[in-house]
Structure formats: structure tokens, C-alpha cells
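Trainee: Could you walk me through reading the features of a structure, step by step?
Mentor: Gladly; let us open it and begin.

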Amino acid sequence: MEHVDLIGIGAVVLVAGLVARIGRRFGLPTIPCYLIVGILLGPGTPGPVFVAHPGDLSLLAALGLVLLLFHLGLEFPVEQVLSSGRRLFLAAGFYIGLNISAGLALGFALGWGAAEALVIAGAMGISSSAIATKLLIELRRLANVETPAVLGIIVIEDIFLAFYLALLAPVLSGAGSPLGFARDIAISFGFLLLLFTIARYGARVIGTVIGSREDELLAVLAIGLVVLVAGLSEEVGVSDAIGALLIGLVVSRTAVRERVERVVLPMRDLFAAVFFVTFGLSIDVGDFGAVAIPVAIAVVVTVACNVIAGVWTARLFGLNQRAAANIGLTILGRGEFSLILVTLALAAGLDARIGPFVALYVLILAIFSPLLAARSRLLARVLPDWLFRENWRYVREETISTACTHLDQIRVTETDQQECAECVATGDDWVQLRLCLSCGVVRCCDDSINKHATAHFRQTNHPIVESLEPGEHWRYCYIDNTLVRPPLGQRS
């Protein structure tokens, strides 16, 4: 029997890897590929069944969950978050608050119970940092001016996740009285405080305990520490996920952090894949029909909330429609955190419908978020100027980049000219005017009949022009095909 189980487990993991490799060629993240394989090859779907009893993989799946959160803690940039400006915290707070509130409202509207509503709120409120980060890399947006805001939001979401898990643990444990609930909350946050204190003052001791010159021993000691802390967390009534996340934060402050991250990464990827596949194996496709309409509503609500949050963030940072669309659609995907929350909920005996609900919700968004993010220009076209602080009428679809390499060719930043000399000479009219920042000539824009600004660039190769229209404060580099924001001190 064990031999048969090993064959099934090995086969389903191998198939999941092959499907994920094919999906990567089409720009799909790996998480939905793992889920789909688990669903199709599990007992809840007609056809071949590779693993008849998904519970056989529960321990491996638990390791995947623990390693996912541990690695997140390892990568957590504490200093970056603490040094972030007020606008970033406002943007992240608005994003999280809007999505959590929408999820909570939908959860209560479904009538499945208060605990289920809190799980749905978390699943809808926290985006997938893995999907968002991969999109930034694959779509080559790391140098975009909105990218620091995107990264900041997902980092602050990770902080929020720790506290949300701590808040959710007493709810899932079913505290029977207000006093019991308060006690469980106190234990959860007390455990958080203990691990934060260890991270602040005891990191050197932890580094000494697990530190080894040999990678093999380093991996054994680190994994042993993670599993031990996760188990202790569960024993005191706190989620094992919280313990794993925070011990990762502790190890991130040790001298061996980079080596631990390197040796743990392959194991994280392997066991995380098992975690997602196992979740898929536990889903019965027959349950999708009962949750299809709520999932459709959840997807529409999430897209709307993300677009609103993207516009809000763009307004805070003075960005245009394209940046707003990039922000909202890049962090649209839901994945590992949503599945972690629903796994904890199902283990606590909550309404079984929450499993297929979150699975289908994650599948849809994980598949479509990369497609929507790659086509953010289409959303940018329909976002009106009045939503933003600046007039982006002619450049709403353009990317604003921080990587222009032609700023050294700027020689002129002001002019008294208010006409296109070439249009005046020919008796033509113009629509808008552009100032060449290399030589100072003023020419008409591409919406004008003659497009003299672009013609001037082709003749001289002077790269950057600036709009002379009242209320517009943007520059454009013809060579890089990107907007270049002027220094704040030079903006009118």
C-alpha cells in the first residue's frame, strides 16, 4: 500500500511540475497550475485518481505551509518598511482596508457564519506577493516609478498578515466566551511580542545555535528550528503559520540569513508545490456549482477595489492613469496567503463550502491577473483625467520610468516662447506645444497636423521634451519611449 501511495504522490507532483513548466511559457504563475493538477487528479473529479486519500499528504503539505511563511519572514525588509514615507502607509492602509471591508461584507452577505466571513475577508484582502513580484520582473516594470509603491504595499500586507493570523487564531479555536476569546487574543499577540523581542535582542543567539559552515547541517538546524517553533505556536493556540513567519523574521536578523535563504529555497519550492497540489486534491469539482455565483461576485468586487486602490495610490504619488492601472492590476492576483487562510479554516471545521469558494476564486484571479496586468494600457485609456491631480490627457497610457539615461542631455528648462515657429511660418494651427530640453526650441505635438516636435527629434536626436500646456508637468524621452518626471523643485 505504501508503495502504491509513493507512486501516486510522485506521479502527481511530477505532472504538476510539467504542467507548471508549460504554463510558464504562457506567462502563467505556478500556483494555479499546481491547483488545477490537484483538482483534476484528485478523488473529487471524474477520471484518473493519483492520490485517493489527500490526507496522506497532510504532513508534507504542513511543511510546505510552514516553509512558505518562514521564507517570507527571511525576506522581510524591516528597515525598508520602517523607512517608508507616510504616503506608502496611507496607500497600503487604503488598499488593505478597502479589500478586507469588501470581503467581510461579502462574507456576511453569504450567511455562512462570522468566522467564515473573517476568512473570506482575509482571502480577498491579501494579494499574492509571489505573483506580484514575478509580474514586475516578467513585464519589465522594475524601473517604473510606481514599482516602489507596489512593492511597499505587498510588504506591508505581509506585516498585516501576521497580525490577521493572530486575530483569526482565537476565532478558529472557537473560544466559548468573551473572556476566553480575550484570553486567546492575549496569548496570540503575546506570542507575537515574544518572537518580535527575540528578533530584536536574541538574533545573535539564534544565529549561533543554527550556524554551521556546512550547508547540510545549516539546513538541518534551520528546518528543525522552524518546525519546532511552528509546533510550539500551535500548542499555545497560535497558528503554526505565525510561528514560522516570525521565526523567519528572527533568522533574517542573523549573520547566516543569506545562507539559510539559499539552502531553504529549494525545499520551500518543493513542499509549497505539494501544499498547493494537496489543496487541489481535497477539492470536489461538484462543489463549484454552489459557489460559482459568489465567486463571480468576489472576483468583480476585487477587480473594482484594486482599480480604486490603484487610482488612490497614483493620486497620492502624483502619477498618471497607466501607473494607476499598473498598480491595481499587478497586485490583483490572490494565491498562497488565501489558501493558507482557508486551509486553517477547514482544519478548524468551518463551513466546507469555503474550500471550493477560495479555490475557484484564487484560480480565476491567479490566471487572469497576469493577463490583465500585461494589458493595463487598455484600462489606462478609460480612466478620466479628473481622477488625478494632473492633466495626463495626452500621456495617460504612457509608462513613467525612473531609468531614463538621457537626463544629462537636459540643457534648458524654461522658455518664453508660446508658439510653434514652423507652424507660424506655414500658417498652420497646432494643438499643444513641446519644449526641447536640449536646445530650447518649441514645436507642436503629435496631435497637431505637422508633428514638428517629433520631426525635430528625428533631425537632431535631442531626446527629451516637456509639455508647455498649463497644468501639465511631464517630460517625455523619445529614445526610451517613456515619461520622465521632472525634479520636484522644477515643477510649476
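Trainee: Is Arg353 buried, partly exposed or exposed?
Mentor: Buried means under 20% relative accessible area, exposed over 50%, and partly exposed in between (1.4 Å probe, protein chains only). Arg353 is partly exposed, because its relative accessible area is 37%. Before we go on, note that this is a predicted model, where local features need pLDDT of at least 70 and side-chain atom pairs count only at pLDDT 80 or more, while totals for chains, interfaces and linings use all residues. Residues are numbered from 1 along each chain as its sequence is written, and side-chain values use heavy atoms, with hydrogens and water left out.

Trainee: What does Arg353 pair with in a salt bridge?
Mentor: Side chains of opposite charge can pair when their charged atoms come close. The rule here asks for a side-chain nitrogen of Lys or Arg within 4 Å of a carboxyl oxygen of Asp or Glu. Arg353 pairs with Asp351, the closest N and O atoms being 2.7 Å apart. By this rule the count comes to 10 salt bridges.

Trainee: Which parts does the salt bridge between Arg377 and Glu397 tie together?
Mentor: Helices (H or I, at least four residues) and strands (E, at least two) are DSSP runs, numbered from the N terminus. The N to O distance between Arg377 and Glu397 is 3.8 Å. Arg377 lies in helix α18 (residues 376–382) and Glu397 in the loop between α18 and α19 (421–426), so the pair ties together parts 20 residues apart in sequence. Arg377 is partly exposed at 32%, and Glu397 is partly exposed at 21%. Another salt bridge joins Asp385 and Arg396 at 3.3 Å, and both of these residues are buried.

Trainee: How many aromatic pairs are there in the whole structure?
Mentor: Rings of Phe, Tyr and Trp (its six-membered ring) pair if their centres lie within 6.5 Å; planes under 30 degrees apart count as stacked, over 60 as edge-to-face and the rest as tilted. The search finds seven aromatic pairs. One of them is Trp112 with Phe357: the ring centres are 5.7 Å apart and the planes at 85°, so the pair is edge-to-face. This pair links distant parts of the chain, with Trp112 in the loop between α5 (86–110) and α6 (114–125) and Phe357 in helix α17, 245 residues apart. Trp112 is buried at 10% relative accessible area, and Phe357 is buried at 1%. Together with Tyr361, Trp112 and Phe357 form one aromatic cluster.

Trainee: Why do the buried residues of α11 lie on the same side?
Mentor: An α-helix has 3.6 residues a turn, so residues three or four places apart point the same way. In α11, the buried residues include Leu218, Ala222, Leu225 and Val229. The whole buried set covers an arc of only 155° around the axis, which puts these residues on the same side of α11; the arc is that of the directions from the helix axis to the C-beta atoms. On the other side, Glu216, Val220, Leu228 and Glu235 are exposed.

Trainee: And what is the overall picture of the chain?
Mentor: The secondary structure comes to 20 helices and five strands. Of the 492 residues, 52% count as buried. Along its principal axes, the C-alpha trace spans about 90 × 55 × 50 Å.
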